[in-house]
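Thanks for coming, everyone. I would like to walk you slowly through one structure, so please have the sequence and the coordinates open as I talk.

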Amino acid sequence: MQELIRLLEQEGLDGLYLTRPENVRYLSGFSSPEDAQVYVSREGALLLTDGRYTVQAEEESRIPFKILTREERKAFFEGLEGRIGLEAEHLPYARLEELRELAPVEWVPTRGLVERLRIKKTPEEVRLIQKAQALADEAFRRILPLVSPGVKEVELALELEFYLRRHGAEATAFPIIVASGPRGAMPHGVASEKAIQEGEMVTVDFGARYKGYHSDLTRTFGVGRVDPEKKRLFDAVLLVLEEVLAQLAPGKPAKELDALARRVLEKEGLKAYFTHSLGHGVGLAVHEAPGLNAYTEEVLEPGMVVTVEPGVYLPGFAGVRVEELVLVTETGFELLSRLDRGWLEV
Ligand code: ZN
Ligand code: ZN
């Protein structure tokens, strides 16, 4: 919290009104952050919510909280003074107009202030991400015996979700991707009614949310014997992943890893088919800083948790992605998934 108050001083703000759920949860521990905000002043942070959450705020909040009625909320805003920061990337414009009416202060757009604090994980945060990843690993192991020609993508997705929820996940990290055959060419091919067929590759990308923290895992495997032209795509993607992991260490600029991935694919003649960034940070949001892409100035530091997820997508033909989640350590990195990543035919 001291860091946040220092940020206020740096930015010349008298207060900071936080509405982004991940940031509200990060600062307070409150598990219904969509219905709460955090107000930070030089005196500290305060969780603001309403009468539906009195018991929950009492139980969960690590910071002082206020239960506000509509009138009390109005009075709270009327009492503000000076320059108050808001989260420009999250607060809707209509809400800003309301705030301007409520509080005669200077509302100052800010970007990424709390996100900067979230970028390096504490040991407790790492423990929760590890737990979320262990759930995903086990869910994946459980569905492999269910894969056979005729099974629908959505059936596999449901089995994954059921396992995760049954074993303590609050939710899936995002809508589960199961993309088989030509659908594999859609990087975000959410599970459909399509039946999986003999000889197809299947990409499964999913994660769990556990106590607010996420995991993220992708594997691509074959169903029966896969044509060598398709299997070649897998070999190329795996090669990229191995080469990037061999270079992944603290002090490494994220954009160098992204460039390395593209160089390896260029040699394979597949560069044009890698249409997204190499990876992203994972924590209270499933996509957060640091991004592993061509445009970032971010440098890897111990305590960051990032994905490495090269992929190639050939429209009308097939697609492959393999994704690992890693914790950057003092000396290199630690893989958070315990699953094998080699070629697999089921
Ligand atoms: Zn993923
Ligand atoms: Zn990812």
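I will begin with the metal site, then turn to the strands, the cavities and one tyrosine.

Before that, a word on conventions: this is a predicted model, in which local features need pLDDT of at least 70 and side-chain atom pairs count only at pLDDT 80 or more, while totals for chains, interfaces and linings use all residues. Residues are numbered from 1 along each chain as its sequence is written, chains are lettered from A and ligands numbered from 1 in the order in which they are written, and side-chain values use heavy atoms, with hydrogens and water left out.

Let us start with the zinc ion (ligand 2), whose protein donors are Asp216 through OD, His280 through NE2, and Glu309 and Glu323 through OE, lying 2.1 Å from it. Donors here are N, O and S atoms within 2.8 Å of the metal (3.2 Å for Na, K and Ca), and as water is not among the atoms, sites may look incomplete. The angles among the 4 donor atoms run from 77 to 152°, and the site is classed as irregular; four donors count as tetrahedral if all angles lie between 85 and 135 degrees, four count as square planar and six as octahedral if opposite donors are over 155 degrees apart and all others between 65 and 115, and anything else is irregular. This zinc ion has a neighbour, the zinc ion (ligand 1), 3.1 Å away, and Asp216 coordinates both. Distant parts of the chain are linked here, with His280 in strand 13 and Glu309 in the loop between strand 15 and strand 16, 29 residues apart. For the elements, helices (H or I, at least four residues) and strands (E, at least two) are DSSP runs, numbered from the N terminus. Both His280 and Glu309 are buried, meaning under 20% relative accessible area, where exposed is over 50% and partly exposed lies in between (1.4 Å probe, protein chains only).

Where does strand 12 sit with respect to the rest of the structure? In strand 12, residues 217-222, 6 of the 6 residues are buried, so the strand is largely enclosed by the rest of the structure. Leu217, Arg219 and Phe221 are buried on one side, and Thr218, Thr220 and Gly222 are buried on the other. Strand 9 (residues 201-206) runs antiparallel to strand 12 and is joined to it by 6 bridges, and the partner of Thr203 in strand 12 is Thr220. Two strands pair if DSSP finds at least two bridges between them.

A separate topic is the open sheet of 3 strands in the order 7-10-11, with antiparallel pairing. Strand 7 and strand 11 are its edge strands, each pairing on one side only, and Arg209 has His214 as its bridge partner in strand 11.

Turning to the record of charged and uncharged linings, the largest cavity has 2 nonpolar, 2 polar and 5 charged residues around it. Here Ala, Val, Leu, Ile, Met, Phe, Trp, Tyr, Cys and Pro count as nonpolar, Asp, Glu, Lys and Arg as charged, and the others, Gly among them, as polar. A cavity is a set of points on a 1 Å grid over the protein atoms alone where a 1.4 Å probe fits but cannot get out, and lining residues have an atom within 4 Å of a point.

Finally, Tyr163, in helix 8, counts as buried at 12% relative accessibility.
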